[in-house]
Amino acid sequence: MAPRSRLTRFLAYRRLWIMGAIIFGLDQVTKIMIAERLPFGSYGRPAHIEVVPGFFNLVHVGNTGAAWSMFAGQSFALGLLALATLGAMFYWRRHLGLDQRSAQPAFGLLCGGILGNLVDRFLHGHVIDFLDFHFGGYTYPTFNVADSAICVGVFWYILWSLRQPAPTK
């Protein structure tokens with residue numbers, strides 16, 4: 001059997017590339033739109049844009065940490081961790097099932113989201129967050145499109161993994 005060309009190998013992961021590019025582009029475009037319309041630090045009245053009163057606002061804040069601001073102030077280290085994560089996914093792509101068509105969109109969501117936040121960390125020193133939800137007295141941590149994609153990608157991959165047949169011995 002002849003070895004597969006680089007193009008053939010690249011195209012074998014097209015669902016991942018397409019989903020990743022869509023998420024990365026959507027994330028960066030929304031962050032640019034927010035940065036153009038709201039000054040940095042726009043949180044709370046009257047600076048934010050109220051979309052659904054008492055429930056959903058658009059804000060412009062920066063997060064130097066990870067989810068829920070864990071490891072705040074460690075943006076560069078978290079950027080290096082993101083790079084290592086992308087490298088690990090590439091290295092173990094066959095073990096992770098990336099060659100499976102149904103798993104590729106999940107990893108596209110993950111890769112697009114990781115890249116979106118990685119670009120922010122190295123360009124701005126923080127991740128731009130702008131989606132601000134309130135549930136009664138509880139304020140959900142502000143997030144962005146990349147964060148959403150990462151969460152959906154992880155959930156999708158877990159569901160995909162659970163549906164895979166057990167390995168034969």
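Which residues form a nonpolar patch on the surface of the protein? They are Ile49, Val51, Val52, Phe55, Trp68, Met70, Phe71, Phe135, Tyr138 and Tyr140, and together they have about 970 Å² of accessible area. Please keep in mind that you are looking at a predicted model. Below is a friendly tour, from the overall layout to single residues.

**Overall layout**

- The protein contains six helices and four strands, and they follow one another in the pattern α-α-β-β-α-α-α-β-β-α.
- The C-alpha trace spans about 65 × 30 × 25 Å along its principal axes.
- The chain has 169 residues, and 38% of them count as buried.
- If you take the contacts between residues at least 6 apart in sequence, 65% of them join residues at least 24 apart.
- About 10600 Å² of surface is accessible, and carbon and sulfur atoms account for 69% of that area.
- There are 14 positive and 8 negative charges, and the mean positions of the two groups are 19 Å apart.

**The nonpolar patch**

- Strand β1, residues 49-52, gives the most to this patch, with three residues.
- Phe135, one of the patch residues, belongs to strand β3, which covers residues 127-135. Its relative accessible area is 45%, so Phe135 counts as partly exposed.
- Phe71, also in the patch, sits in the loop between β2 (56-63) and α3 (75-91). With a relative accessible area of 57%, Phe71 is exposed.
- The backbone of Phe71 is worth a look too: its phi is near 60°, a positive value in a residue other than glycine.

**The positive patch**

- Arg4, Arg6, Arg9 and Arg94 form a positive patch on the surface.
- To find Arg4, look at the segment before α1 (6-11). Arg4 is partly exposed, with a relative accessible area of 48%.

**Salt bridges**

- Side chains of opposite charge can pair when their charged atoms come close. The structure holds four salt bridges.
- Three residues, Asp27, Lys31 and Asp120, are linked in a network of salt bridges.
- Within this network, Lys31 pairs with Asp27, their closest N and O atoms being 2.7 Å apart. Lys31 and Asp27 are four residues apart in helix α2, so about one helical turn separates them.
- Lys31 also meets Asp120 in a salt bridge, at 2.7 Å from N to O. This pair links distant parts of the chain, with Lys31 in helix α2 and Asp120 in helix α5, 89 residues apart.
- Each member of the network counts as buried: Lys31 has 2% relative accessibility, Asp27 has 0% and Asp120 has 1%.
- Elsewhere, Arg45 forms a salt bridge with Glu50, with the closest N and O atoms 3.2 Å apart. Here Arg45 is exposed at 66% relative accessibility, while Glu50 is partly exposed at 34%.

**A cis peptide bond**

- Arg45 appears again here, as a cis peptide bond joins Arg45 and Pro46, with omega about -10°.
- Pro46 lies in the loop between α2 (14-37) and β1.

**Buried residues to explore**

- Val127 is in strand β3, and its relative accessible area of 3% means that Val127 is buried.
- Leaving out neighbours within four places in sequence, the contacts of Val127 include Lys31 and Asp120 from the salt-bridge network, along with Val61, Gly62 and Asn63.
- Val127 and Trp92 are 35 residues apart in sequence, and their C-alpha atoms are 27 Å apart in space.
- Gln104 is in helix α5, residues 104-124. Its relative accessibility is 0%, so Gln104 counts as buried.
- Beyond four places in sequence, Gln104 is in contact with Ala12, Tyr13, Arg14, Arg15, Leu16, Leu98 and Asp99.
- Between the C-alpha atoms of Gln104 and Pro165 there are 18 Å, and 61 residues separate the two along the chain.
- Arg93 lies in helix α4, residues 93-96. Arg93 is buried yet has no salt bridge, and Asp99, the nearest side chain of opposite charge, is 8.7 Å away.
- Arg93 does touch Tyr13, Leu98 and Asp99, not counting residues up to four places away in sequence.

Notes. Residues are numbered from 1 along each chain as its sequence is written. This is a predicted model: local features need pLDDT of at least 70, side-chain atom pairs count only at pLDDT 80 or more; totals for chains, interfaces and linings use all residues. Side-chain values use heavy atoms; hydrogens and water are left out. Helices (H or I, at least four residues) and strands (E, at least two) are DSSP runs, numbered from the N terminus. Buried means under 20% relative accessible area, exposed over 50%, partly exposed in between (1.4 Å probe, protein chains only). Contact means heavy atoms within 4.5 Å. Accessible areas come from the Shrake-Rupley method with a 1.4 Å probe; for residues, only the protein chains shown count as cover. Lys and Arg count as positive and Asp and Glu as negative; His and the chain ends are not counted. The place of a charge is taken as NZ of Lys, CZ of Arg, CG of Asp or CD of Glu. Patches are made of residues with over 30% relative accessible area and no salt bridge: like charges are joined within 9 Å, nonpolar side chains (Val, Leu, Ile, Met, Phe, Trp, Tyr) within 5 Å.
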